[in-house]
Amino acid sequence: MNTIIRVLVIALTVVFSTVNAQDFQGIATYKTQRKVDIKFDSTQMDSDMHERMVAMMKKQLQKTFNLTFNKETSTYKQEEGLGKPQVGGMGDVEVMVIGNGGGDDVLYKNTKENRYAEVRDTFGKVFLIQDELEPIEWQLESDTKYIGEYQCYKATYTKMVEKPRTFSNNASTDDNEEENKEPEMEERTVTAWYTPQIPVSNGPDDYQGLPGLILEVHDGDLTIICSKIVLNPKDKIEIVEPTKGKKVNREDYEEIMEKKAKEMMERYAPRNGRNNGETFEIRIGG
């Protein structure tokens with residue numbers, strides 16, 4: 001295995017030395033989707049409505065993003081289109097999608113300076129999150145496959161994530177205690193496929209740090225796949241770092257999000273035993 005990895009590194013070095021002299025830039029289009037697992041009380045919702053609800057959620061979570069990049073910087077932004085609703089309803093059932101981003105959000109990365117700036121419009125307020133790029137301890141593997149015309153190599157890393165937690169819609173002492181518990185953690189393996197044919201250490205969302213552009217990611221229930229690449233377009237690309245919004249770091253922003261999410265849960269929770277229908281909160285991270 002070590003021999004294979006050494007051969008791979010040599011091959012990547014040759015590729016980089018061949019193209020590094022070019023004024024390299026491009027636009028990569030990515031399709032993202034998340035698996036949806038929604039369970040309802042069968043006494044409150046029939047199977048037909050359940051299927052329609054799941055279909056509605058899947059549609060909301062299928063998005064298209066453009067990564068505009070050069071050798072050192074990039075912006076990652078959702079494609080322009082009709083605004084998606086953040087609150088959806090179906091009969092007596094209401095679904096809130098909290099912290100799911102929006103069409104005005106943009107992520108700027110500078111891989112040379114190891115930092116990023118991200119604009120997020122959250123609950124009507126614009127935040128500018130500025131922080132360092134988190135290092136990713138990728139393991140280069142020998143598996144290869146083609147994505148379109150590009151030969152890609154597999155890389156993986158493991159991280160600790162919170163286990164999904166389920167809360168009943170009917171407020172109770174047990175539910176409050178469950179909500180205030182420290183979250184349980186579990187290990188997750190993230191898989192990426194990158195191509196040295198595009199010599200940028202970048203990728204969709206906050207994935208980066210490989211010797212070539214990342215074209216595919218599998219991270220738990222999240223799947224990101226590149227569907228189109230345009231290299232060195234006729235019109236020169238200008239990548240601008242965002243500057244507008246309330247400046248916070250990642251930790252501060254996550255604390256604000258947690259507080260706002262709890263406020264929304266309290267706002268929509270049934271009170272005094274009154275509940276004309278079931279109300280559910282579905283949080284979509286990252």
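Colleague: Is R115 buried, partly exposed or exposed?

Modeller: This is a predicted model. In it, R115 has a relative accessible area of 26%, so R115 counts as partly exposed.

Colleague: What does the R115 side chain meet in a salt bridge?

Modeller: The side chain of E241, with 2.8 Å from N to O. The two come from distant parts of the chain, 126 residues apart. R115 is in strand β7, which covers residues 115-122, while E241 is in the loop between β13 (222-231) and β14 (246-248).

Colleague: And E241, buried or exposed, or partly exposed?

Modeller: Partly exposed, with a relative accessible area of 26%.

Colleague: Which residues are linked with R115 and E241 in a network?

Modeller: E113 belongs to that network of salt bridges along with R115 and E241.

Colleague: How many salt bridges does the structure hold?

Modeller: The count is 10. Among them is one between the side chains of E118 and R250, at 2.8 Å from N to O. E118 lies in strand β7 and R250 in helix α4 (residues 250-268), so this pair ties together parts that are 132 residues apart in sequence.

Colleague: Is E118 buried or exposed?

Modeller: Buried, because its relative accessible area is 9% and the cut-off for buried is under 20%.

Colleague: What about K159, which residue does K159 form a salt bridge with?

Modeller: D219, and the closest N and O atoms are 2.8 Å apart. K159 sits in strand β10 (residues 150-162) and D219 in strand β12 (residues 213-219), so to speak distant parts of the chain, 60 residues apart.

Colleague: How do K159 and D219 come out on accessibility?

Modeller: K159 counts as partly exposed at 25% relative accessibility. D219 is buried, with a relative accessible area of 5%.

Colleague: Changing topic. How many disulfides are there?

Modeller: A search of the whole structure finds 0.

Colleague: Where is the nearest cysteine sulfur to C152, then?

Modeller: The nearest one belongs to C226 and is 8.7 Å away, and C152 is in no disulfide. A disulfide needs the two sulfur atoms within 2.5 Å, so the pair does not qualify. Looked at from C226, the nearest cysteine sulfur is that of C152, at 8.7 Å, and C226 is in no disulfide either.

Colleague: Are those two cysteines buried or exposed?

Modeller: C152 is buried, with a relative accessible area of 0%. C226 counts as buried at 9% relative accessibility.

Definitions and conventions. Residues numbered from 1 in each chain as written. Predicted model: local features only at pLDDT ≥ 70, side-chain atom pairs only at ≥ 80, totals over all residues. Heavy atoms only, no water. Salt bridge = Lys/Arg side-chain N within 4 Å of Asp/Glu carboxyl O. Helix = DSSP H or I, 4+ residues; strand = E, 2+ residues; numbered from the N terminus. Buried < 20%, exposed > 50% of the residue type's maximum accessible area, 1.4 Å probe, protein only.
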